[in-house]
Amino acid sequence: LPVKVEDVASHKMHSERYSVGEQAAETINRVRSAGGRILAVGTTSVRTLEGVWAKHGQVKADAGETDIFIYPPFEFKAIDGMLTNFHLPKSTLLMMVSAFGGRDFILEAYRQAVEQRYRFYSYGDCMLIL
């Protein structure tokens, strides 16, 4: 949803249901402990992993709902990269990718995407942010 408040911290974030299986949690923790990188595919995956980390201090098998609102200057703990599509202006999802990639970098990527006529929204082009 678009953010319509002056203070983004007062925006009411919707919740999403999630489930992290035991095997996924073990794989993520094994890769991370070996120095590997965790790439989340989609913003729901980012919210899930960061929400679980905020709840447990690590990635654990868990299920429930998260209403985590990720915006600058959020410190990511669970992921090292994300693959996501281009999001609407003033949206919480644009704030999330800005928190990860940096506002100026993301706005430049969006400028180039518009210039190159990339498609936005759910069935549009995507970007890999590392």
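This section describes the sheet, the nonpolar core, two buried charged residues and the salt bridges of a predicted model.

Three strands make up an open sheet. Their order is β2-β4-β5, and the pairing is mixed. The parallel part lies between β2, residues 39–41, and β4, which are joined by three bridges. Within this pairing, Ala 40 has Met 82 of β4 as its bridge partner. The antiparallel part lies between β4 and β5, which pair over four bridges. Here Leu 83 stands opposite Leu 128 of β5. The edges of the sheet are β2 and β5. Each has a single partner strand, so one side of each lacks a neighbour in the sheet. On average, neighbouring strands are turned by 15° against each other, direction ignored. Helix α3 packs on this sheet and touches β4 and β5. The direction of α3 makes about 150° with that of β4.

Strand β4 spans residues 81–85. Four of its five residues are buried, so β4 is largely enclosed by the rest of the structure. Met 82, the bridge partner of Ala 40, also has contacts farther along the sequence. Beyond its neighbours within four places, Met 82 is in contact with Leu 39, Ala 40 and Val 46. Its contacts also include Phe 76, Met 96, Val 97 and Phe 100. Met 127, Leu 128 and Ile 129 are in contact with Met 82 as well.

Helix α3 is mostly covered. Eight of its 10 residues are buried. Among them are Thr 92, Leu 94, Met 95 and Met 96. Val 97, Ser 98, Ala 99 and Phe 100 are buried too. The buried residues of α3 pack against α2, β4, α4 and β5. After α3 comes Gly 102, which has a positive phi, near 95°.

Nonpolar side chains tend to be buried together in soluble globular proteins. In this model, the largest nonpolar core has 28 residues. The residues with the most contacts inside this core are Val 46, Phe 76, Ile 79, Met 82, Val 97 and Tyr 110. Six elements are listed here as giving two or more residues each: β1 (16–20), α1 (22–33), α2 (43–56), α3 (92–101), α4 (103–115) and β5 (126–129). The largest share, five residues, comes from α3.

Two charged residues of helix α2 are buried. One is Arg 47, which lies in α2. Arg 47 counts as buried because its relative accessibility is 2%, against a limit of under 20%. With neighbours up to four places away left aside, Arg 47 is in contact with Met 13, His 14, Ser 15 and Glu 16. The contacts of Arg 47 also include Thr 66, Asp 67, Ile 68, Ile 70 and Met 96. The other is Glu 50, also found in α2. Glu 50 is buried yet has no salt bridge. Its nearest side chain of opposite charge, that of Arg 32, is 6.4 Å away. Residues up to four places away not counted, Glu 50 touches Ile 68, Ile 70, Phe 74 and Glu 75. Phe 76, Lys 77, Ala 78 and Ile 79 are also touched by Glu 50.

Side chains of opposite charge can pair when their charged atoms come close. The structure holds seven salt bridges. One of the bridges joins the side chains of Lys 77 and Glu 75, at 3.3 Å from N to O. Lys 77 is partly exposed, with a relative accessible area of 37%. Glu 75, at 55% relative accessibility, counts as exposed.

Helix α4 carries a further set. Arg 111 forms a salt bridge with Glu 108, and their closest N and O atoms are 2.7 Å apart. These two residues are three apart in α4, so about one helical turn separates Arg 111 and Glu 108. Arg 111 is partly exposed, at 42% relative accessible area. Glu 108 is also partly exposed, at 32%. Arg 111 meets Glu 115 in a salt bridge too, at 3.0 Å from N to O. Glu 115 and Arg 111 are four residues apart in α4, again about one helical turn. Glu 115 counts as exposed, at 51% relative accessibility. Through shared partners, these salt bridges join Glu 108, Arg 111 and Glu 115 into one network.

Key. Residues are numbered from 1 along each chain as its sequence is written. This is a predicted model: local features need pLDDT of at least 70, side-chain atom pairs count only at pLDDT 80 or more; totals for chains, interfaces and linings use all residues. Side-chain values use heavy atoms; hydrogens and water are left out. A nonpolar core is a set of buried Ala, Val, Leu, Ile, Met, Phe, Trp, Tyr and Cys residues joined through side-chain atoms within 4.5 Å. Buried means under 20% relative accessible area, exposed over 50%, partly exposed in between (1.4 Å probe, protein chains only). Contact means heavy atoms within 4.5 Å. Lys and Arg count as positive and Asp and Glu as negative; His and the chain ends are not counted. A salt bridge is a side-chain nitrogen of Lys or Arg within 4 Å of a carboxyl oxygen of Asp or Glu. Two strands pair if DSSP finds at least two bridges between them. Axes are lines fitted to C-alpha atoms, for helices over the stretch in contact, and angles run from 0 to 180 degrees between N-to-C directions.
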